[in-house]
Amino acid sequence: MPLLAMILSYANSDLKGSIFDIQGLSVHDGPGCRTLVFLNGCTLNCFWCSNPEGINKKHSLLYFASKCITCGNCIEKCPSKAIKADNEKIYIARQLCVNCEKPDCVEECYTEALRVSGYEITVSKLYNIIQRDRQFWGSEGGVTLTGGEPLLQIDFATAFLSRCHQAYIHTAIETCGNIPYQNFQKAMPFLDWIFFDLKHFNVAEHKKGTLADNSVIIENAKRISAEFKGRLIFRLPLIPNYNDSKENIDSIVRFLKENNRNEINILPLHHLGREKYNVLNQEYTGINYPIPSPEQLKDIQKVFIESNINCYIGSETPF
């Protein structure tokens, strides 16, 4: 690593970022065994998201109604007056508490009905934590930043990736692509792999499913295809009755061909994150969409293979 980059890496050790989870021993998010770091904040709001607690840029307040005894402690301590009693439960006006810097209500909840998902951490502390997993990674493993959108907190992410890169730790990110391209430019020198989602090529449908259009995503995908020197794997989160149409699949095939890419990873819809919506007082509309059958997945895989594009389904990706 150049001396200047090394100096900057250590100079940014005290830089803080917001994360909501760290998971070790993952084998589905890059080569080898990996440690996943989930960063807060996302520019999309996909209706099937399995990590809705990570969409906010800071923390999210989680409410477990089954543990609540309506004691009123949280109501009394809430500085934003965002909590009110409603029969045997409490009601949270989340638009009032979203920017709360100090959730005193959580400290006063003795039954742990209220919890915070998301916390600040420095680059150096995060690095020390992931170092503990290094003995389990094997020769090909490493760290994958995910979220949320990991490059939304670009200064923190770049400082952490730089520190890992200097220590010869394999690095990867999972990105939705909907961020300024300069964020990718800052991070790419310290990245070995990029997983990039392609959700829908129709602008209106993409906005319907994610609350954002796809123009920035497609342009970024083109530029990264041409400029990134590491391993780039495009992913298709497959949602039956949303983005599994022949038109959309054909659009993805054309895009991959035009940009000299010959592999894609299909990620079948699952509903494993639906209970998280309850503790966020949100409705999970993804339940209205079916999980794709093995036959459906094989049929779509066949379309890609017949176009000379390697297509992997779920965890079948040959890392």
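In which loop does asparagine 308 lie? The tour returns to this residue at its last stop.

**Whole chain.** Begin with the entire protein chain, which is a predicted model. Its secondary structure comprises 13 helices and 13 strands. Aligned to the principal axes, the C-alpha atoms occupy a box of roughly 60 × 50 × 35 Å. The radius of gyration is 21 Å, which agrees with the value near 20 Å for a compact globule of 319 residues. Colouring by accessibility shows 53% of the residues as buried. The accessible surface amounts to about 15,600 Å², and carbon and sulfur atoms contribute 51% of that area. Of the contacts between residues at least 6 apart in sequence, 72% link residues at least 24 apart. Next, display the charged side chains: 33 are positive and 35 are negative, with the centres of the two sets 3 Å apart.

**Helix H11.** Select residues 246–258, which form helix H11. At 1.5 Å a residue, its 13 residues should span 18 Å, and the end C-alpha atoms are indeed 18 Å apart. Show the side chains of Asn248, Ile249, Ser251, Ile252, Val253, Phe255 and Leu256, the buried residues of H11. To see what these buried residues pack against, add helix H10 (215–227), strand E11 (231–238), strand E12 (263–268) and helix H13 (294–306). After H11 comes asparagine 260, with a positive phi near 55 degrees.

**Glycine 148.** Move to the loop between strand E8 (142–147) and helix H7 (154–166), where glycine 148 lies. Most peptide bonds are trans. The bond from glycine 147 to glycine 148, however, is cis, with omega near 15 degrees.

**Proline 180.** Select the loop joining strand E9 (170–175) to helix H8 (181–187); proline 180 is found there. Its relative accessible area is 41%, so proline 180 is partly exposed. A distance drawn between the C-alpha atoms of proline 180 and cysteine 109 gives 40 Å, for a sequence separation of 71 residues.

**Asparagine 281 and asparagine 308.** Most residues other than glycine have a negative phi. Asparagine 281, in the loop between helix H12 (274–279) and H13, instead has a positive phi of about 55 degrees. With 45% relative accessibility, asparagine 281 counts as partly exposed. Finally, select asparagine 308, which lies in the loop between H13 and strand E13 (310–313). Its phi is likewise positive, near 60 degrees. Asparagine 308 has a relative accessible area of 61%, over the 50% cut-off, and therefore counts as exposed.

Technical notes. Residues numbered from 1 in each chain as written. Predicted model: local features only at pLDDT ≥ 70, side-chain atom pairs only at ≥ 80, totals over all residues. Heavy atoms only, no water. Helix = DSSP H or I, 4+ residues; strand = E, 2+ residues; numbered from the N terminus. Rg over C-alpha atoms; globule rule 2.2 N^0.38 Å. Buried < 20%, exposed > 50% of the residue type's maximum accessible area, 1.4 Å probe, protein only. Contact = heavy atoms within 4.5 Å. Areas by Shrake-Rupley, 256 points an atom, 1.4 Å probe, with all protein chains shown as cover. Lys, Arg positive; Asp, Glu negative; His and termini not counted. Charge placed at Lys NZ, Arg CZ, Asp CG, Glu CD. Expected span 1.5 Å × (residues − 1).
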